[in-house]
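User: Could you take one part of this model and walk me through it slowly, residue by residue where it helps? I'm new to this, so plain words please.

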Amino acid sequence: MTTIFNVWDFLLILLYAIIPLAYIIPFALMAVYAERKISAWIQNRVGPNRTGPIGLFQTTADILKLMQKEDIVANGADKKLFLLAPIVVFIGSYAAYAALPFTSVYIGTNINLGVLYMVAISGFVVAGIIFAGWASDNKYSIMGSLRSAAQLVSYEIPTLFVIISIFAITQQFNLRELSEMQTSNILNWGIFGFDGLGYKRILLIPVLFVLMIILFISTLAEVNRTPFDLPEAESELVAGFHTEYSGMKFALFFLSEYANMFAVSGLVTAFFLGGYQSPFGYLGNLLGLSWLVPIEQVLWFLTKGILLVCVQIWMRWSLPRLRMDQLMRVCWKYLIPIGFVCFIYITIVMYL
Amino acid sequence: MSHDLQYIVAFILVAVLFSIVALLTAWLLRPNRPTFEKLQVYECGEETQGVPYIKYNVRFYVVALLYLVFGVELVLVIPWVASYLEYGLFGLILGLFFLIILGVGIVYEWKKVISTGSLMRMLL
């Protein structure tokens, strides 16, 4: 701790922090395309097929179109907050990537409280959505943002129950260490109990499965995806909190929604599906090429995350939207008591 | 010497810079021809009546209070989870006592707030 702040070091750190952005933007473009294609297949339609081969450049063209669109700010709107809201939402979803373990080599910050950091920084998204609704001067927007606040705040509690249950098992908030605990083969993944627990794993496996379902549902609700997309329910509120947004500001909301989808999938992966670990050994270790291992780890992490994103898309186009009271009832009546019982069970099992 | 916090600040800075660059590019490209009708709030075809800044239903605050209760209790539980194995059976029972009180809270919340349905119906 000789120097407090070095500008050149900080520039290097900035370069280091840009790396996830180089992943998020292509991912968001392809995820929007995949969403439209998958929804087309589910509904027996063709989907986008004109722009580029099999419509691959459709979303790129959409972004280019959005950039040229006139930016309309309504007369009654609070102009500063209106501009600030998409930026704050994007900060919340991008800063969450700082704790996501892409490989054992690359992780934004290897902080010990990585999980809690992710939950905390996601609070930015709630703040940004409330900003957007409040600044829009639109009744639909403000209803959407109020609902969104109630929903995100409620669904944080089951998430926290799952997080402290995993903490009780592993004594670890660090996402890289959590992934390291699930190493070597598929039976050491979180969903099958962690490595080195012995006979307790048999007692834990059913509970861990329940916890994984709870975490998946509550994170699905936290990123405002169908069946929990009450904040932007098209049939009741025109488009919820982003009714008034147009052009690039709308594109930023869209980008951060898809970035968030991958971030929460990464969280579920790091907890239960082995993080960046391969389900069997690594080719790099077999061939004695140590530089190959991190590349394989990235591929495994992205594969698992993208598969979970595909499950989210699949659920979006299969399930109808819940009503607001049903939504709150799912959280407070089912997820929280079940998570609570699982947590107590796990603390007792870990004592045995 | 790089601190963890510097990385987090760097991530936030990258997010801010990216959104500013994106918005600036769009600002350079887009036309700007506002008319009176365009600047109206997008609600319906009619002229807008009233302001949206109404009094919120008190039930939203009830949800916030419930969140506060559970959030604070979970935060209090975390240090216990980190250390209860060191204190043996005494530590376990002490923590479970606390958790049982939290469980009574859940039962109360279930009976009073959720099951009556009035809270949730008003959130529509």
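Analyst: **Chain B, its loop tyrosine, and what lies around it in chain A**

In chain B, 57% of the contacts with a separation of 6 or more are between residues 24 or more positions apart, a contact being heavy atoms within 4.5 Å. This is a predicted model: local features need pLDDT of at least 70, side-chain atom pairs count only at pLDDT 80 or more, and totals for chains, interfaces and linings use all residues. Residues are numbered from 1 along each chain as its sequence is written, chains are lettered from A and ligands numbered from 1 in the order written, and side-chain values use heavy atoms, with hydrogens and water left out.

Let's start with the outline of chain B. Chain B has four helices and zero strands (DSSP runs numbered from the N terminus: H or I of at least four residues for helices, E of at least two for strands). Along the sequence that reads α-α-α-α. Chain B has 124 residues, and 35% of them count as buried, that is, under 20% relative accessible area (exposed is over 50%, partly exposed in between; 1.4 Å probe, protein chains only).

Now zoom in on B:Y56. You'll find B:Y56 in the loop between α1 (4–29) and α2 (58–83) of chain B. Is B:Y56 buried or exposed? Neither, really: B:Y56 counts as partly exposed because its relative accessibility is 28%. Beyond residues up to four places away in sequence, B:Y56 touches A:W134, A:I142 and A:L146 of chain A, plus B:Y61 of chain B.

That carries us into chain A. Helix α6 of chain A covers residues 139–170, and A:S165 is found in it. A:S165 is buried, because its relative accessible area is 0%. What does A:S165 contact once its neighbours within four places in sequence are left aside? The partners are A:L211, A:F343 and A:I346. For a contrast, look at A:I348: this residue lies in helix α12 of chain A and counts as partly exposed, with 34% relative accessibility.

Next, try the loops of chain A. A:Q171 lies in the loop between α6 and α7 (175–180). Phi of A:Q171 is near 55°, a positive value in a residue other than glycine, and A:Q171 counts as partly exposed at 32% relative accessibility. A:N44 is another residue with a positive phi, near 60°, and again is not glycine. A:N44 sits in the loop between α1 (7–42) and α2 (58–68) of chain A, and A:N44 is exposed, with a relative accessible area of 73%.

One more loop residue is worth a stop. A:I186 is found between α7 and α8 of chain A, and at 36% relative accessibility A:I186 counts as partly exposed. Not counting residues up to four places away in sequence, A:I186 touches A:F192 and A:P279. How far is A:I186 from A:W291? The two are 105 residues apart in sequence and 22 Å apart in space, C-alpha to C-alpha.

So, to pull the thread together: B:Y56 is in a loop of chain B and touches A:W134, A:I142 and A:L146, whereas A:S165, in helix α6 of chain A, is buried.
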